Amino acid sequence: MTPADHRDEFIVALGHCKALREYALEHITDPDVRALTFESALSRGFRAYENFVEGVFLAYMVGEPTVSGAATARYVSPPSREHARRMLQGKARFLDWAEPTTVVERGEYFLNTEGPLSTAVVQSWNTIDWMRRMRNHVAHNSVESLGQYRKVVAAITLVDPPTPPRPGELLQTRPRRGPFRGREVLAGLFSEIERFAESAVA
């Protein structure tokens, strides 16, 4: 698959998450169920992001061009995607694509950090990291994930309440100030991550 193919696949997957959000807004009146649905949409959206980043990274490693036809600099020449993935994985149990730092550091070894993927990650760092921390808290609901989630609440709302809202509640809010002022948080995150995907393959 080309980077453009991965972009298109991601847009379709994100579209399903958007449809889930719209369904919740139009048909779910129970606040707990609606919050859970928003959390599910976020989690699926972030999973689609991780799949997209892996696919594009591997595509660039084997020499696939960008959507515009430009070649991307690379420091390796694996014969196949499977070989490229084994190179990346080494002896690790799995490949982590959630951390922006990890993606950029991999780029330093295998791709040019000034290439479209690393550049897009750096430009969308906050969006990616906020989604990652929220997804982690939805998945684990631990003391550690709560500490990281509280940082997201403070960054998005510019308020650090004694008891932060659940992720599903935060995702439905329209903050009065901050990066999503006047915009629903989940819709804003989806818009930003879609913009990231376009930049990553441009």
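## Ala24 and its surroundings

Ala24 has a relative accessible area of 0%, and since buried means under 20%, this residue counts as buried. In this predicted model, Ala24 belongs to helix 1, which covers residues 3-27.

Who keeps Ala24 company? Once neighbours within four places in sequence are set aside, its contacts are Arg34, Thr37 and Phe38. Leu36 is worth a look too: twelve residues separate Ala24 and Leu36 in sequence, and their C-alpha atoms are 9.5 Å apart in space.

## The fold around it

Stepping back to the whole chain, you will find nine helices and zero strands. Read from the N terminus, the order of elements is α-α-α-α-α-α-α-α-α.

How do the contacts spread along the sequence? Taking contacts between residues at least 6 apart in sequence, 61% join residues at least 24 apart.

## Overall dimensions

Along the principal axes, the C-alpha atoms fill a box of roughly 50 × 35 × 30 Å. The radius of gyration is 18 Å, which agrees with the value near 17 Å for a compact globule of 202 residues.

## Burial, surface and charge

Ala24 is buried, and buried residues make up 44% of the 202 residues in the chain. On the outside, the chain exposes about 10,400 Å², with carbon and sulfur atoms supplying 50% of that area.

As for charge, there are 25 positive and 25 negative side chains. The centres of these two sets lie 3 Å apart.

Methods: Residues are numbered from 1 along each chain as its sequence is written. This is a predicted model: local features need pLDDT of at least 70, side-chain atom pairs count only at pLDDT 80 or more; totals for chains, interfaces and linings use all residues. Side-chain values use heavy atoms; hydrogens and water are left out. Helices (H or I, at least four residues) and strands (E, at least two) are DSSP runs, numbered from the N terminus. The radius of gyration is taken over C-alpha atoms; the globule rule is 2.2 Å times the number of residues to the power 0.38. Buried means under 20% relative accessible area, exposed over 50%, partly exposed in between (1.4 Å probe, protein chains only). Contact means heavy atoms within 4.5 Å. Accessible areas come from the Shrake-Rupley method with a 1.4 Å probe; for residues, only the protein chains shown count as cover. Lys and Arg count as positive and Asp and Glu as negative; His and the chain ends are not counted. The place of a charge is taken as NZ of Lys, CZ of Arg, CG of Asp or CD of Glu.
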